[in-house]
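I opened this notebook to record what I looked up in one protein model. My interest was in the overall fold and the aromatic ring pairs.

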Amino acid sequence: MLKTALKRYFLTGVLVVTPIWGTILILKTLFVTVDGILGNVLAQMVPAYYVPGLGIVTLLILIFSVGLFAANFMGRQIVRMWEDWLNRLPLVRGIYSTLKSMMDILSFSDRGSYHRVVLIQFPKNGHYCFAFVTGVTKSETAALGQDPLIHVYVPTSPNPTSGYFLLVPEREVTSVDISVEEAMKLIVSGGLYVPSTSMASVLAADAKWSGVKQPAAGVPIG
């Protein structure tokens, strides 16, 4: 009995201590890493006045100052020139453009490109996913089908920078009452995010999904 009780108490202690210890280690590593970005420089410049954490404060001030500078007219011009120069470098161009597009999507700075959130059947009939309307097909591609074709982008979860570009008949697209921001948060979180609008009201048009082909949704573009 004593051996069983000691074993139970030890396992209980392990279950309690391990997550606490792991959290402390992760926070310590994060603190040392972030503080070391500018902390090492400050420690060499002002060794007598440096205290742990000063690097983090300096980094936050630097980021805020860059944002303040880039928000005005002259700053935007300099940032644009800097981006043009980076986009001309073969190796740097791919890395920078990928990171830039990821930040733009996660910060919703390009939400003007997404006109509306819709539901489509993808990757097969009976499976539904959120998609963003980005335009309408014109010129020779419009002859692919008898119905007007809608440009939709289906982002992957949890990384919305990759996804699928589809040409979907307008009658197979159903508009939903949810903002681009909420739909993106829902996709990035893998469904863990709870939108302010209940999913029951968002999917109120359940009757439309009974058939394989969807009725005309009349999704306005722009």
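The entries below go from the whole chain to individual ring pairs.

**Entry 1, overall fold.** I note that the model is predicted. I looked up the secondary structure and found 6 helices and 5 strands. Along the sequence, I read the order as α-α-α-α-β-β-β-β-β-α-α.

**Entry 2, surface and contacts.** I checked burial: 23% of the 222 residues count as buried. The exposed area of the protein is about 15100 Å², and carbon and sulfur atoms supply 69% of it. Among contacts with a separation of 6 or more, I found that 46% join residues 24 or more positions apart.

**Entry 3, aromatic pairs.** I asked how many aromatic pairs the protein has. The count is 2. For Trp82 and Trp85, I recorded ring centres 5.4 Å apart and planes at 35°; the pair is tilted because this angle falls between the limits of 30 and 60 degrees. Both residues belong to helix α3 (residues 73-86), where they are 3 residues apart, about one turn of the helix. I looked up their accessibility: Trp82 is partly exposed at 49%, and Trp85 is partly exposed at 40%.

**Entry 4, a pair across the chain.** I then turned to Phe122 and Tyr164, a tilted pair with 5.3 Å centre to centre and 55° between the planes. Phe122 sits in the loop between β1 (116-121) and β2 (128-136), and Tyr164 in strand β4 (residues 163-169); the pair links distant parts of the chain, 42 residues apart. Phe122 has 21% relative accessibility and counts as partly exposed, because buried means under 20%. Tyr164, at 44%, is also partly exposed.

Terms used: Residues are numbered from 1 along each chain as its sequence is written. This is a predicted model: local features need pLDDT of at least 70, side-chain atom pairs count only at pLDDT 80 or more; totals for chains, interfaces and linings use all residues. Side-chain values use heavy atoms; hydrogens and water are left out. Helices (H or I, at least four residues) and strands (E, at least two) are DSSP runs, numbered from the N terminus. Buried means under 20% relative accessible area, exposed over 50%, partly exposed in between (1.4 Å probe, protein chains only). Contact means heavy atoms within 4.5 Å. Accessible areas come from the Shrake-Rupley method with a 1.4 Å probe; for residues, only the protein chains shown count as cover. Rings of Phe, Tyr and Trp (its six-membered ring) pair if their centres lie within 6.5 Å; planes under 30 degrees apart count as stacked, over 60 as edge-to-face and the rest as tilted.
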